[in-house]
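Here is a short briefing to read alongside the sequence and the 3D view. Take your time and look up each residue as you go.

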Amino acid sequence: FPPVGMGKFSRKGREKKEALQPGSIEVNLADIKCLHTPAHYATTVWALSMQGVKYVVMSPIFLGVSSLAVLAVLFAVNRVTQRGEMVLLPLTKVILQVPSSFYSLICMLLVFIYSGLLIQRERDAGMYQLVDTTATPFWVLWVSKFLSMAKVLLLLMLVFMLTGIGIQLSQGFYHVEIGLYIYHLLAFVWI
């Protein structure tokens, strides 16, 4: 039943009145198609994960903490390789063993903090109810957040690898084992 004071509306009557009004403009609206295919879901997951990575990487806290982690790696490797009269060569295994536990701790801390921020991002913006009403399945949103944190962690591992290679090259050691970096960082730290 219509509320008190409201009459029944006739759709045909309104359309005729709107079409007959002077100065009315005909507007052609685009046809919206909802795609529920795996390819569309994969594209949505990728796009949302890239937005999550951008959100995390552009954060001043993330940039500051990751910069401090790089400085800590530089300090730790310099402290180990430059011991008094004896100078150790900055071998890849030395660079991977000495500061990697500290750096991986920093990476875990950043992932812990920013995964919580990514999960609560819609709620903090006051948009969580609108996001829940979209035609996107719930699992797409969660997989995109998980994938964005995996990408951030992979980016941190790349920064560690480039820092280690830079240390080796700056100290005159040109036998860089990139395969060992990739294996160690992906197999032991990233996973």
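**A first look**

Helix H5, which covers residues 100-119, gives the most to the nonpolar patch, with four residues. Please keep in mind that this is a predicted model. The protein chain has nine helices and two strands, and the points below walk you through some of the contacts among its side chains.

**The chain as a whole**

- Starting at the N terminus, the elements of the protein chain follow the order α-α-α-β-β-α-α-α-α-α-α.
- The protein chain has 191 residues, and buried residues make up 28% of them.
- The accessible surface of the protein chain comes to about 13,700 Å², and carbon and sulfur atoms account for 68% of that surface.
- If you take the contacts in the protein chain with a separation of 6 or more, 80% of them are between residues 24 or more positions apart.

**The nonpolar patch**

- Which residues form the nonpolar patch on the surface? They are Tyr 55, Leu 109, Phe 112, Ile 113 and Leu 117, with about 470 Å² of accessible area together.
- Ile 113 is a good residue to find in your view, and its place is in helix H5.
- Ile 113 counts as partly exposed because its relative accessibility is 39%, which falls between the cut-offs of 20% for buried and 50% for exposed.
- Tyr 55 has a charged partner too: the charged end of Arg 121 sits over the ring of Tyr 55, 4.3 Å from the ring's centre.

**Aromatic pairs**

- A pair of aromatic rings is described by two things, the distance of the centres and the angle of the planes.
- The count of aromatic pairs in this model comes to four.
- One of them is formed by Tyr 41 and Trp 139, an edge-to-face pair with 5.5 Å centre to centre and 80° between the planes.
- This pair links distant parts of the chain, since Tyr 41 belongs to helix H2 (residues 38-57) and Trp 139 to helix H8 (residues 138-170), 98 residues apart.
- Is Tyr 41 buried or exposed? Tyr 41 is buried, because its relative accessible area is 16%, and buried means under 20%.
- Trp 139, with a relative accessible area of 46%, is partly exposed.

**The salt bridge and Lys 145**

- How many salt bridges does the structure hold? It holds one, where the side chains of Glu 122 and Lys 145 meet at 3.0 Å, N to O.
- The two partners come from distant parts of the chain: Glu 122 is in helix H6 (residues 121-125) and Lys 145 is in helix H8, 23 residues apart.
- Glu 122 counts as partly exposed, because its relative accessibility is 22%.
- Lys 145, at 15% relative accessibility, counts as buried.
- Lys 145 also lies over the face of Trp 142, at 5.7 Å from the ring centre.

**A residue in a loop**

- Where does His 175 lie? You will find His 175 in the loop between H8 and helix H9 (178-190).
- His 175 counts as exposed because its relative accessibility is 53%, and the cut-off for exposed is over 50%.
- Along the chain, His 175 and Pro 90 are 85 residues apart, while their C-alpha atoms are separated by 9.6 Å.

Methods
Residues are numbered from 1 along each chain as its sequence is written. This is a predicted model: local features need pLDDT of at least 70, side-chain atom pairs count only at pLDDT 80 or more; totals for chains, interfaces and linings use all residues. Side-chain values use heavy atoms; hydrogens and water are left out. Patches are made of residues with over 30% relative accessible area and no salt bridge: like charges are joined within 9 Å, nonpolar side chains (Val, Leu, Ile, Met, Phe, Trp, Tyr) within 5 Å. Accessible areas come from the Shrake-Rupley method with a 1.4 Å probe; for residues, only the protein chains shown count as cover. A salt bridge is a side-chain nitrogen of Lys or Arg within 4 Å of a carboxyl oxygen of Asp or Glu. Buried means under 20% relative accessible area, exposed over 50%, partly exposed in between (1.4 Å probe, protein chains only). Rings of Phe, Tyr and Trp (its six-membered ring) pair if their centres lie within 6.5 Å; planes under 30 degrees apart count as stacked, over 60 as edge-to-face and the rest as tilted. A charge sits over a ring if NZ of Lys or CZ of Arg is within 6 Å of the ring centre and within 35 degrees of the ring normal. Contact means heavy atoms within 4.5 Å.
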